[in-house]
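This report looks at how two protein chains meet and at the state of their cysteines.

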Amino acid sequence: MSNGRFAVIGLLLGFALTAQADVIDEKLAQYRTEGAQAFSAEAGLNLWISNHNGRSCTQCHGDSPQGVGKHIKTGKQIKPMAPSVNPQRFTDSDKIDKWFLRNCKWTLKRVCSAQEKGDILVWIREQ
Amino acid sequence: MNANVNKVVGYLRWGIAGSLLLAAWGLSLTGMSRASDNYNRGVANSSGVSSPAAMAYREECGACHIAYPPGLLPEASWRSIMTTLDDHFGENAELSEGPVAMITAYLSENAGNPGRGMLKRMAGEAPLRITELPYFIRKHDEVPERLVSGNPEVGSFSNCNVCHQRAERGEFDEDTVRIPGYGRWDD
C-alpha cells in the first residue's frame, strides 16, 4: 500500500475521531446545562456493569465494550461500543439520545439523568 | 360411423382434461405470484434501490431484529405496532416523531392485503405477531421445537432470517431454508 493511501486512511480516521470527540463534548456540555456536575468515569463503569433488578447493560452489549454484543431477546449482533475498535460510535447526537432513552428504560425502567449519561460517556470514550 | 363418434368423444375428453389442467396451472401461478407479492412488497423497487423510508425502516427497526417484510402484516397491525413502540413486546423501541411518521407511512403503503395470501380469512383483524398467523403456524407445524426454541442458534420463530436466509428480501421459499445445526429442510 502506498504512503498516499495511508495518509488518506489516517485522515479519515482522524476525521471520525474528531467528530466523535466533538459530539461527545457537545453532549457533555448539554448535560451540564441540564444540571449535571463533574462527570466520573468510575461512576459510568459502575452503572454499566451493575445489576438493576436483574437487568444490566452487559446482558446485550457483552462484558467488554470492545467485544461484539448480542441482543438478549432477538440474538441480533451489536457492534462494539468502544470507540477504539468502532470509530463510528458516538458520532451522531440523535443516535445517542435515542439509544439512551430506549436502553435506560429497558435496563433501569426509567430515563437516565443527565449526570448518569455523562458519566457513561466519559467512561466509554476511553475504551 | 360409431368409430368416428368415439374418436370425436376421445378428442373432446383430452381437450377438456387439457384445458382443466392448464386452468389449474394458471390459477396456481397467479396464486403463487400473489403470495410472493405479499411477501416482498416494499423491500426494494424493481431496480433494487431502496427509498429513504425503506432505509429508515431498516435502520431503525432492523437495529434490533430483522426488518420484517411489510407485506407479512396488514396495515391495521403496523399502525397498532407503530403507536405502541414504548412497549414493543416488552421492550422499549421509542422513536422520535419524524421517523415514526415516515416508517408508519412506508409500512402502511406496503402492508399485506387483508384477507388474501397469508392473511386469508383474517380480514378485519390486526394480528401483532407474524408467528401467530394461522398461515404461519400451518407452514411451520412440522418443524420440531428442538430445532427452534431448543436450538441456541435459532431461539425463536421470530428470528426468520436465521433459517430463511433471504427473509429480509421477502423470500421464504423452502429451498432457501438452512436450519443451523440441521441443514436443509424438506417436508
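A salt bridge is taken here as a side-chain nitrogen of Lys or Arg within 4 Å of a carboxyl oxygen of Asp or Glu. In this predicted model, A:Lys95 forms such a bridge with B:Glu59, the closest N and O atoms being 3.3 Å apart. Across the interface of chain A and chain B there are four salt bridges, and ten residue pairs are in polar contact. Helix H4 (residues 93-108) of chain A contributes seven residues, the largest share of the side of chain A that touches chain B. By class, that side has three nonpolar, two polar and seven charged residues.

Twelve residues of chain A are in contact with 15 residues of chain B, and the area buried between the two chains is about 1300 Å², of which carbon and sulfur atoms give 41%. A:Lys73, A:Lys76 and A:Arg102 supply 40% of the area that chain A buries against chain B, more than any other three residues.

Over all chains the count of disulfides comes to one. It joins A:Cys104 to A:Cys112, with an S to S distance of 2.0 Å; the link is left-handed, with -95° about the S-S bond, and both cysteines are buried.

Two cysteines of chain B are set out below.

| Cysteine | Closest cysteine sulfur | Relative accessibility |
|---|---|---|
| B:Cys160 | B:Cys163, 9.3 Å | 10%, buried |
| B:Cys163 | B:Cys160, 9.3 Å | 13%, buried |

Why is there no bond between the sulfur of B:Cys160 and that of B:Cys163? The sulfur of B:Cys160 has its closest cysteine sulfur, in B:Cys163, 9.3 Å away, which is too far for a bond, because a disulfide requires cysteine sulfur atoms within 2.5 Å.

Terms used: Residues are numbered from 1 along each chain as its sequence is written. Chains are lettered from A and ligands numbered from 1 in the order in which they are written. This is a predicted model: local features need pLDDT of at least 70, side-chain atom pairs count only at pLDDT 80 or more; totals for chains, interfaces and linings use all residues. Side-chain values use heavy atoms; hydrogens and water are left out. Buried means under 20% relative accessible area, exposed over 50%, partly exposed in between (1.4 Å probe, protein chains only). Contact means heavy atoms within 4.5 Å. Buried area is the accessible area (1.4 Å probe) that two parts lose on being put together, summed over both. A polar contact is a pair of N or O atoms within 3.5 Å; within protein, one must be able to donate a hydrogen and the other to accept it, and residues adjacent in sequence count only if both atoms are side-chain atoms. Helices (H or I, at least four residues) and strands (E, at least two) are DSSP runs, numbered from the N terminus. Ala, Val, Leu, Ile, Met, Phe, Trp, Tyr, Cys and Pro count as nonpolar, Asp, Glu, Lys and Arg as charged, and the others, Gly among them, as polar.
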